[in-house]
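The exercises below are meant to be worked through with the sequence and the coordinates open side by side. Each task is followed by a solution that proceeds step by step.

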Amino acid sequence: MLAFLMTWQPSQETAGGLGGSANVTLSVSAEVAGPAVGEPGIEKETRSKEGVDLPWQVVVHNDPINLMTYVTMVFQRVFGYPRERAERHMLEVHHKGRSILWSGMRERAELYVQQLHGYLLLATLEKVN
Amino acid sequence: MEICRRKDELEISELDPFLAELLRQIPVSTNADGVPAAEERLFSPPAGGEDKEFCAEWKLYVQPELRRLFRSATETVAADLEQLNGEEKAFANCTLRIPAKHADAWLNTLNQARLVIAAKNNFTDGELGDHYRSPTGSRRDLSLFQVNFYGFLQEFILRELMGGQESSPD
């Protein structure tokens with residue numbers, strides 16, 4: 001007899017993320033009579049929508065050439081952040097070398113990275129730890 | 001040199017021949033051909049080395065789009081700069097008018113030029129912070145002056161673009 005149990009676990013909320021990820025746990029219990037099989041076993045398989053729904057983050061790295069005002073404007077345009085928030089991120093990039101601008105679904109994060117590269121900023125896509 | 005906003009234009013007037021020549025140099029300064037460091041800076045990887053598949057797809061699909069975007073911006077700027085080629089008197093001051101709708105293209109192209117020049121010369125942070133160095137010392141000093149002059153133009157365009165924008169609470 002096979003029994004399936006599916007549970008849904010929302011992942012941690014991430015800043016600004018749209019629709020967090022969902023880990024789907026698929027448990028399969030198998031009970032088969034017969035000496036060859038031995039003790040009934042439980043197989044457990046955890047499956048997540050790998051790489052698609054896991055949270056990803058958009059990181060901008062420091063660059064001595066790009067002007068601070070320019071970087072602030074780009075953050076406002078790309079993410080729609082108010083000037084104060086954009087400036088906070090810009091200063092974080094400047095002082096700490098990097099800033100996480102956005103976290104959420106991979107597809108959207110890729111789009112943001114592409115837009116940032118269009119403005120010639122050093123931006124990367126990273127998996128949330 | 002004077003720089004101001006007039007209706008739907010940004011006007012740079014009283015341009016002496018030296019500064020006018022630096023402006024003419026903007027499009028050619030964006031050329032990263034044959035300089036791997038400059039090419040790598042313009043087309044930096046979108047992820048760490050572990051995400052090879054994503055980087056490969058990026059190179060295939062996104063990079064050509066970025067090239068088109070950068071080329072288009074540079075062509076817009078080059079067309080605006082044609083105004084500087086009609087001056088009959090070789091050493092006369094001249095005026096450049098940039099349509100406000102071209103501001104984004106100018107910001108992008110000036111950024112390309114600054115990044116490429118900086119990558120070609122491998123400027124240190126100290127050099128980039130030295131805004132008072134004379135451009136007449138060496139080719140390197142002239143390049144540094146170019147980076148700073150283009151940065152000054154970017155600042156002005158940004159100020160005009162962001163003008164009147166109030167900061168709002170996050």
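What percentage of the 129 residues of chain A count as buried?

The model is predicted, so local features are considered at pLDDT of at least 70 and side-chain atom pairs at pLDDT 80 or more, while totals for chains, interfaces and linings use all residues. Residues are numbered from 1 along each chain as its sequence is written, and chains are lettered from A in the order in which they are written. A residue is buried if 20 or more other C-beta atoms, placed from the backbone, lie within 10 Å of its own, exposed if 12 or fewer do, and partly exposed in between. By this criterion, 29% of the 129 residues of chain A count as buried.

**Exercise 1. Describe the fold of chain A and the setting of its strand β5.**

Begin with the secondary structure, where helices (H or I, at least four residues) and strands (E, at least two) are DSSP runs numbered from the N terminus. Chain A has 3 helices and 6 strands, and along the sequence they follow the pattern β-β-β-β-α-α-β-α-β.

Next, take strand β5 (residues 98-104) of chain A, of whose 7 residues 5 are buried, so that the strand is largely enclosed by the rest of the structure. Strand β4 (residues 56-61) of chain A pairs with β5(A) in the antiparallel sense over 6 bridges, where pairing requires that DSSP finds at least two bridges between two strands. One position to check is A:Q57, whose bridge partner in β5(A) is A:S103.

**Exercise 2. Work out the sheet of chain B and identify its edges.**

First establish the order: 3 strands of chain B form an open sheet, β1-β2-β3, with antiparallel pairing. Because β1 (2-6) and β3 (94-99) of chain B each have a single partner strand, they stand at the edges, and one side of each is left without a neighbour in the sheet. Strand β2 (residues 9-15) of chain B is joined to β3(B) by 5 bridges in the antiparallel sense, and B:L10 has B:I98 as its bridge partner in β3(B).

**Exercise 3. Compare the backbone and surroundings of A:L120 and B:E14.**

Start from the expectation that most residues other than glycine have a negative phi. A:L120, which is not a glycine, has a positive phi of about 70 degrees, and B:E14, also not a glycine, has a positive phi of about 55 degrees.

Then locate them: A:L120 is in the loop between α3 (106-118) and β6 (123-127) of chain A, whereas B:E14 is found in strand β2 of chain B. Finally, count C-beta neighbours inside 10 Å: A:L120 has 25 and therefore counts as buried, while B:E14 has 11 and therefore counts as exposed.

**Exercise 4. Characterise the contact between the chains and the largest nonpolar core.**

The contact takes 20 residues from chain A and 26 residues from chain B, two residues being in contact if their C-beta atoms, placed from the backbone, lie within 7 Å. On the side of chain B that touches chain A, the largest share, 6 residues, comes from α5(B).

For the core, join buried Ala, Val, Leu, Ile, Met, Phe, Trp, Tyr and Cys residues through C-beta atoms within 7 Å. The largest such core has 54 residues, of which A:V58, A:V74, A:F75, A:L116 and A:L121 touch the most other members. The largest share of this core, 9 residues, comes from α5(B). Leaving aside residues up to four places away in sequence, A:L116 touches A:V60, A:V74, A:V78, A:L121 and A:A123.
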